[in-house]
Amino acid sequence: MDSEITLRVDGRRETLSVDTRTTLLDALRERLGVTSPKKGCDHGQCGACTVLLDGRRATSCLTFAVANDDSEVVTAEGLAEEDEPHPVQQALLNNDGFQCGYCTPGQVCSAVGMLDEAKSGWPSYVTEDLEEPVELDEDEIRERMSGNLCRCGAYANIVTAIREAAE
């Protein structure tokens, strides 16, 4: 069964008809040509498909497109302002926080969402003091980014980049 949905993707309003079983990831990549989110594991375990969905990070391979009718989707492509990279993107460039680049768009979206969560005071498993503002040390960043895998092993530089972007 097909259903017509509307998504706001990287600032553009898109209306499309999708099979009700279509994931948001497949709708973005196959129907709209937005190839920034990557299909990695297709089980929500690698984070390569991470996007910002209504301002919160989400694995787009695990959510149906129809469940997100009229939602705002921001991919790594949509984070830049004009020709200026988002501060997280710039920090990854500055700190060589990628190798092959396959996981990078998901890492970027996850980092942006994670920084917003920390700024809002959301604790993680390793947050020690729940009364104080979250301190984004290496342990905190690693825990919060643990859903995003890098097969090349660029983790040390990714953590450094996120710390730089947080400042």
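Which strands do the buried residues of helix 1 pack against? The legends below begin with this view of the predicted model.

**View 1. Helix 1 and the strands it packs against.** The buried residues of helix 1 pack against strand 1 (2–9), strand 2 (12–19), strand 3 (50–53) and strand 5 (71–74). Helix 1 spans residues 24–31, and its buried residues are Leu24, Leu25, Asp26, Ala27 and Leu28. Just after helix 1, glycine 33 has a positive phi of about 75°.

**View 2. Contact of helix 2 with helix 3.** Helix 2 covers residues 87–94 and helix 3 covers residues 104–119; their axes come within 9 Å and cross at roughly 125°. Angles over 115 and up to 145 degrees fall in the oblique class, and helix 2 and helix 3 are therefore oblique to each other. The crossing of helix 2 past helix 3 is right-handed. Helix 2 contributes Val88, Gln89 and Leu92 to the contact, and helix 3 contributes Thr104, Val108, Ala111, Val112 and Leu115. By class, the residues of this contact are 6 nonpolar, 2 polar and no charged.

**View 3. Contact of helix 2 with helix 5.** The axes of helix 2 and helix 5 cross at roughly 135° and come within 8 Å. Helix 2 and helix 5 are therefore oblique to each other, and their crossing is right-handed. On the helix 2 side the contact is made by Pro87, Val88, Ala91, Leu92 and Asn94. On the helix 5 side the residues are Ile158, Ala161, Glu164 and Ala165. The contact of helix 2 with helix 5 divides into 7 nonpolar residues, 1 polar and 1 charged.

**View 4. The largest nonpolar core.** This core has 25 residues, and those with the most contacts inside it are Leu79, Val88, Met114, Leu136, Ile141 and Ile162. Helix 2, helix 3 and helix 5 (155–166) are the elements that give two or more residues to the core. Helix 3 gives the most, with 7 residues. Val88 of helix 2, one of the residues with the most contacts inside the core, also takes part in the contact with helix 3 and in the contact with helix 5.

**View 5. Surroundings of isoleucine 162, and a separate core.** Leaving aside residues up to four places away in sequence, isoleucine 162 touches Ala111, Met114, Leu115, Ile141 and Met145. Apart from the largest nonpolar core lies another core, of 14 residues. Among its residues are Ile5, Leu16, Ala27 and Val73. Ala27 is also one of the buried residues of helix 1.

Conventions: Residues numbered from 1 in each chain as written. Predicted model: local features only at pLDDT ≥ 70, side-chain atom pairs only at ≥ 80, totals over all residues. Heavy atoms only, no water. Axes fitted to C-alpha atoms, helices over the stretch in contact; angles between N-to-C directions. Helix = DSSP H or I, 4+ residues; strand = E, 2+ residues; numbered from the N terminus. Parallel < 35°, antiparallel > 145°, perpendicular 65-115°, else oblique. Left-handed = near helix turned anticlockwise from the far one by under 90°. Contact = heavy atoms within 4.5 Å. Nonpolar A, V, L, I, M, F, W, Y, C, P; charged D, E, K, R; others polar. Core = buried A, V, L, I, M, F, W, Y, C linked by side-chain atoms within 4.5 Å. Buried < 20%, exposed > 50% of the residue type's maximum accessible area, 1.4 Å probe, protein only.
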